[in-house]
Amino acid sequence: MPATLERERTRMSNTKSDIRDAALARKGKERIEWAAKDMPVLGQIKERFSKEKPFKGHTIGACLHVTTETANLAIALKAGGADVYLCASNPLSTQDDVAASLVKDFGIHTFAVHGEDSDLYYQHINSVLDAEPTVTMDDGADLVSTIHSKRPDQANRMLGSTEETTTGVIRLQSLERQGKLLLPLIAVNDANTKHFFDNRYGTGQSTIDGMMRATNRLIAGSVFVVAGYGWCGRGLAMRARGMGAQVVVTEVDSLKALEATMDGFRVLPMSQAAGIGDFFVTLTGNMHVLREEHFVKMKDGAILANSGHFDIEIDLKGLKKISKSMSVVREHIDVYTTKDGREICVLGSGRLVNLAAAEGHPAAVMDMSFANQALSAEYLIKSKGSLSKSVHLVPASIDDEIARLKLKSMGVKIDKLTADQKKYLSSWEIGT
């Protein structure tokens with residue numbers, strides 16, 4: 001066991017697992033059940049899965065954030081007959097009580113320990129892959145990347161995989177362009193019922209939540225710099241403005257920069273934003289969005305956070321290079337004191353601040369995201385290997401069904417087209 005993990009690893013005799021402490025299971029189960037109350041769409045899918053058993057005889061391997069919401073997805077998959085193996089997609093997002101409950105109460109093979117180091121992280125990924133899953137689910141493409149780089153023969157025995165994030169989809173599309181993709185991939189992130197809601201409303205709220213829990217700083221009246229104006233950036237910019245911040249957006253994409261401008265935000269290059277920002281949040285999926293040339297311009301006390309994906313969006317090595325010391329002044333806050341005496345604060349060690357310092361997205365939005373995961377896995381199995389080795393969109397029928405179920409759960413009713421309206425929209429003969 002790595003020395004960095006001061007814990008006693010728990011291994012359950014009847015379920016292959018690696019968790020911190022099985023004694024945490026009771027608390028975890030209570031929290032899983034609380035989240036389930038806000039996940040009615042996944043609940044309806046679970047009920048159908050329990051009757052139809054679409055995953056009977058299949059093993060599903062998942063590398064996702066081990067949280068209460070993910071737990072409900074894993075439980076739904078098992079209800080559908082799957083043998084489920086789960087590992088963490090981020091060392092700091094694992095909720096140890098949830099992992100304990102998944103193993104003890106639900107018999108789900110779970111390999112996740114909060115704060116695990118890189119070696120253990122990849123050991124857990126390989127533990128999931130050792131189970132020879134038929135279908136995998138990713139949040140950042142680490143399972144699929146490991147298959148392609150270390151275990152390519154395994155792809156031949158799989159029906160496909162699903163991907164939860166923008167970052168992961170980008171990685172998979174790169175593999176596809178190079179002609180190296182070995183199995184069909186469903187881009188769950190690109191489903192409308194995922195990115196319109198999870199990325200925008202989920203990231204917007206949970207990022208603010210994590211930053212406020214970590215710092216207890218006032219956002220109103222501050223200069224709040226949002227790096228990246230994709231759906232996550234849009235959601236965060238909207239929420240920060242709603243709390244009274246002066247929001248600055250930085251972008252490399254002309255269309256997104258134009259959109260941010262038209263939405264009423266100030267758009268600047270990071271080289272200019274660096275000198276005026278109080279809060280900085282990266283949401284790009286790229287590396288070194290904040291780097292040495294920006295750090296040297298920042299105010300004393302600037303607060304940096306990442307809500308993109310991996311911990312490379314903030315160049316921590318570059319920050320360390322210009323610093324004379326680093327200290328942890330409060331949980332989730334690393335303060336780097338630069339050689340010229342300024343303090344730059346990094347939240348959550350540069351990892352996803354909404355998971356490192358808070359609990360991630362609210363269950364109500366993850367309800368739709370994980371409904372997409374569950375139904376996309378079912379779609380892969382029903383397709384029985386007929387899909388091409390490429391990145392596929394979630395079928396529109398799945399997207400529409402999830403939206404319908406979500407509206408129903410919220411008590412929202414909508415209109416239907418009349419017969420005349422349908423005819424008008426489907427024909428060219430009828431004039432204006």
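These legends go with several views of a predicted model of one protein chain.

**Figure 1. The whole chain, helices and strands together.** Let's start with the full fold: the protein chain has 17 helices and 15 strands. Its C-alpha atoms fill a box of roughly 70 × 65 × 45 Å along the principal axes. The radius of gyration is 22 Å, which agrees with the value near 22 Å that a compact globule of 432 residues would have. As for contacts between residues at least 6 apart in sequence, 70% of them join residues at least 24 apart.

**Figure 2. The surface and its charges.** How much area does the protein chain expose? About 19500 Å², with carbon and sulfur atoms supplying 51% of it. Turning to what is covered, 54% of the 432 residues count as buried. The charge count comes out at 53 positive and 53 negative side chains, and the centres of these two sets lie 2 Å apart.

**Figure 3. The largest nonpolar core.** Here we look inside. In soluble globular proteins, nonpolar side chains tend to be buried together. In this chain, the largest nonpolar core has 53 residues, and Phe55, Val66, Leu73, Leu77 and Leu102 touch the most other members. Helix H15 (residues 363-383) gives the largest share of this core, 10 residues. A second core, separate from this one, is made of 27 residues, among them Ala237, Val249, Ile303 and Ala305.

**Figure 4. Close-up on Phe55.** Which residues does Phe55 touch, leaving aside those up to four places away in sequence? The contacts include Phe49, Ile60 and Leu77, along with Gly80, Gly81 and Ala82. Phe55 also touches Ala374, Ala377, Glu378 and Ile381, and helix H15 covers residues 363-383.

**Figure 5. Asp83 in strand S2.** Now for a charged residue: Asp83 sits in strand S2, which takes in residues 83-88. Is Asp83 buried or partly exposed? It counts as partly exposed because its relative accessibility is 31%, and the cut-off for buried is under 20%. Beyond residues up to four places away in sequence, Asp83 touches His58, Thr59, Ile60 and His109. From Asp83 to Phe55 the C-alpha distance is 8.3 Å, with their positions 28 residues apart in sequence.

**Figure 6. Asp253 in a loop.** Where is Asp253 found? Look in the loop between strand S8 (246-250) and helix H10 (254-262). With a relative accessible area of 32%, Asp253 is partly exposed. Asp253 and Ala71 lie 36 Å apart, C-alpha to C-alpha, and are 182 residues apart in sequence.

Definitions and conventions:
Residues numbered from 1 in each chain as written. Predicted model: local features only at pLDDT ≥ 70, side-chain atom pairs only at ≥ 80, totals over all residues. Heavy atoms only, no water. Helix = DSSP H or I, 4+ residues; strand = E, 2+ residues; numbered from the N terminus. Rg over C-alpha atoms; globule rule 2.2 N^0.38 Å. Buried < 20%, exposed > 50% of the residue type's maximum accessible area, 1.4 Å probe, protein only. Contact = heavy atoms within 4.5 Å. Areas by Shrake-Rupley, 256 points an atom, 1.4 Å probe, with all protein chains shown as cover. Lys, Arg positive; Asp, Glu negative; His and termini not counted. Charge placed at Lys NZ, Arg CZ, Asp CG, Glu CD. Core = buried A, V, L, I, M, F, W, Y, C linked by side-chain atoms within 4.5 Å.
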